[in-house]
Amino acid sequence: MISVKNLSHSYSNDEKLAVNNISFEVTKGETFGFLGPSGAGKSTTQGILTGLLKQQRGEVIVAGYNTMKVQNERFNKIGVSFEQSNVYSKLTAKENLEFYAKLFDVPTRDPEELIRLVGLEGKEKVRAGEFSKGMKHRLTFARSMINNPELWFLDEPTTGLDPTIAATIKDIIKEQAAQGTTTFLTTHNMYIADELCDRVAFIIDGVIKLIDTPRNLKLQYGQKLIDIEYINNGKVIKETLKTIDDHDRKRIGEIVNNYDIQTMHSKEATLEEIFIQVTGRGLV
Amino acid sequence: MLRKIFSVFGRDIRTSMRDSMAIFIIVMPVVMAVAITLFTPGLNDTTVNLAMLRSDDPSHITYMEQFAKVEVFDNIGDIEKRVNKRDAVAAIVPLESGYEIILQGNEPDMVENYTVMLNSLYELGTTKEETTTTMMSFGHTVPPLKTMLVNMLISMTVMLAGMLIAVSIVGEKADNTINAVNVTPLSQIGFVIGKSMMGGLVAMGSIIVSLLITGYYDINWFMIVLVGLTSLILAFVVGFLQGLASDDVIEAAGNVKMILLPVAGSIIGYELLADKWQWTMYWSPFYWAYKANLLVLSKQADWPTVLLCTGMVLILSLAVYFLALPKIRKGLS
């Protein structure tokens with residue numbers, strides 16, 4: 001669904017590259033996470049893929065269209081949800097979706113159904129200007145589904161949302177994926193990526209460091225850990241021990257045999273920890 | 001494509017109706033037209049006003065009504081009150097022998113002389129039919145000052161279309177919605193046409209309503225529409241450029257107002273420059289549009305002249321359009 005070969009981009013049209021010779025492919029029906037800290041090149045890449053940024057070098061095919069050529073009809077297959085909400089503040093929620101629905105050449109979804117889907121029922125006739133930041137974000141998200149996209153670009157889809165709404169959004173993304181929608185998810189939230197993505201790419205300083213499934217990454221880079229809390233001389237002691245380390249395994253045995261165990265949890269390395277391990281950088 | 005363009009047009013109209021600045025821009029030309037109509041009736045009125053007594057000879061009153069606007073009063077007191085009002089009214093009052101003309105004292109000489117002459121002709125028993133004079137008229141029924149004011153209003157209304165587009169673009173920027181439209185099948189040119197339609201139709205509507213309000217019913221409407229539509233090209237370019245360059249509505253309105261300076265300069269140049277210096281204004285599309293509209297409003301226009309003026313507006317506006325196009329495209333990307 002997406003094929004990127006040797007893509008590079010410079011905002012200053014010189015050798016200072018925001019995206020440096022990256023290549024990857026996203027297959028049909030896949031949920032692909034593009035992960036990295038701010039300024040890593042995520043938005044630049046998504047901008048080029050969605051046609052919002054002019055492609056300079058490399059070859060990009062999106063939904064069967066070469067992005068070097070201006071072909072607006074390709075957007076009939078594509079949905080884009082932006083990180084910054086962008087809806088007409090003087091139009092109501094329903095008017096916003098109705099307007100965008102008219103710009104597509106393919107059958108579109110019922111605006112009221114989409115409004116309900118993102119938890120904005122009852123707000124159909126309220127102008128978007130009166131919405132909170134989170135509500136605008138949900139309306140932007142709903143709009144990205146108006147044309148039943150085959151390829152869905154999501155930029156930080158749960159940022160700024162409360163946990164309940166974020167869970168609803170994640171459920172919608174999973175449901176769309178189950179229906180065969182290909183999703184290109186740009187985020188710096190590793191928990192979302194871990195939960196939703198079939199594969200993830202780590203990008204930093206415009207370079208893709210690795211691409212793999214979250215499971216493979218955990219197997220390859222993760223270390224199974226055990227968090228133990230026990231009582232020693234009346235004090236609660238907490239230790240984190242690796243299950244693959246002989247010394248730590250012996251230590252676990254000692255604690256279990258000699259102390260009063262309060263809590264004991266096994267824990268896998270998170271994608272965030274793996275990201276730091278691979279790139280040497282955090283996700284801020 | 002057309003459906004999408006009309007969607008953009010419809011959305012812009014709907015949004016404009018919810019924006020106080022846009023409503024002000026839409027309504028202002030009509031208000032100005034009403035103002036011109038209210039404040040310029042005297043410009044049309046070249047007839048002398050007379051006050052006469054009801055007890056006067058009816059044939060005298062009827063005679064005077066052929067040549068002047070006559071008001072009839074019951075007594076001399078009412079006549080004196082009427083004469084003492086602000087406007088220029090002369091009273092003709094019958095005496096035992098002859099007539100007395102009553103004036104406030106500050107009337108133009110023409111009023112006094114005309115009244116005396118008219119009453120003399122009545123006393124001599126002269127009628128219109130007896131004259132050997134023939135009439136030849138150029139058919140100018142509207143005073144030049146009113147035509148000039150209405151023509152200025154048309155020029156201003158055209159530029160207000162640009163202001164309306166600028167306000168709309170600023171709104172899109174504030175809502176960050178241009179990117180959202182850019183990821184739909186609507187092409188950039190479709191977006192530009194849709195937005196221009198909003199400014200263009202509102203401006204053309206305002207121009208037509210303004211002309212009807214000011215009484216220009218029997219002009220050549222095809223010519224007016226042709227000149228108006230051609231002039232709008234430049235307004236669109238200015239609107240998009242200023243909208244993209246401005247961060248808020250006030251800034252956009254201020255920037256578009258600056259463009260009214262060349263408009264005013266062109267009008268002043270046309271009206272005040274001697275014929276031998278008129279060429280110095282040929283660079284301005286506003287000059288050609290003003291000239292063409294003036295001819296149409298004065299009913300002196302012929303198609304070759306109007307087409308020449310329109311052609312000049314078109315060429316000059318397109319030149320500006322193509323110069324500005326890369327900047328507009330970049331701004332909308």
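## Strand pairing in chain A

Two strands are taken to pair if DSSP finds at least two bridges between them, and the structure described here is a predicted model. By that criterion, strand 6 (residues 78–81) of chain A pairs with strand 7 of chain A in the parallel sense, over 4 bridges, and in strand 7 of chain A it is Leu154(A) that serves as the bridge partner of Ser81(A). Strand 7 of chain A is also joined by 5 bridges to strand 8 (residues 182–187) of chain A, again in a parallel arrangement, with Leu154(A) standing opposite Leu185(A) of strand 8. Between strand 7 and strand 8 of chain A the chain passes through helix 5 (residues 163–178) of chain A, and this β-α-β crossover is right-handed.

## Burial of strand 7

Strand 7 (residues 151–155) of chain A is largely enclosed by the rest of the structure, because 5 of its 5 residues are buried. The cover extends to both faces of strand 7 of chain A: Leu151(A), Phe153(A) and Asp155(A) are buried on one side, while Trp152(A) and Leu154(A) are buried on the other.

## Helix 2 of chain A and its packing

Helix 2 (residues 93–101) of chain A is likewise mostly covered, with 7 of its 9 residues buried; these are Ala93(A), Glu95(A), Asn96(A), Leu97(A), Phe99(A), Tyr100(A) and Ala101(A). The buried residues of helix 2 of chain A pack against elements of both chains, namely helix 3 (111–117) and helix 4 (133–143) of chain A, together with helix 1 (2–16) and helix 8 (178–182) of chain B.

## Two tyrosines of chain B

Tyr114(B), which lies in helix 6 (residues 109–124) of chain B, has a relative accessibility of 29% and therefore counts as partly exposed, since that class falls between the limits of 20% for buried and 50% for exposed. When residues up to four places away in sequence are not counted, Tyr114(B) touches Val48(B) and Phe67(B). Its C-alpha atom is separated by 17 Å from that of Pro94(B), a residue 20 positions away along the chain.

Tyr282(B) is found in the loop between helix 12 (260–272) and helix 13 (285–297) of chain B, and with a relative accessible area of 36% Tyr282(B) is partly exposed. Together with Leu273(B), Trp277(B) and Trp279(B), Tyr282(B) makes a nonpolar surface patch of about 420 Å².

Notes: Residues numbered from 1 in each chain as written. Chains lettered and ligands numbered in written order. Predicted model: local features only at pLDDT ≥ 70, side-chain atom pairs only at ≥ 80, totals over all residues. Heavy atoms only, no water. Patch = residues over 30% accessible without salt bridge, like charges linked within 9 Å, V, L, I, M, F, W, Y side chains within 5 Å. Areas by Shrake-Rupley, 256 points an atom, 1.4 Å probe, with all protein chains shown as cover. Salt bridge = Lys/Arg side-chain N within 4 Å of Asp/Glu carboxyl O. Buried < 20%, exposed > 50% of the residue type's maximum accessible area, 1.4 Å probe, protein only. Right-handed = clockwise from strand over helix to strand, strands pointing away. Contact = heavy atoms within 4.5 Å.
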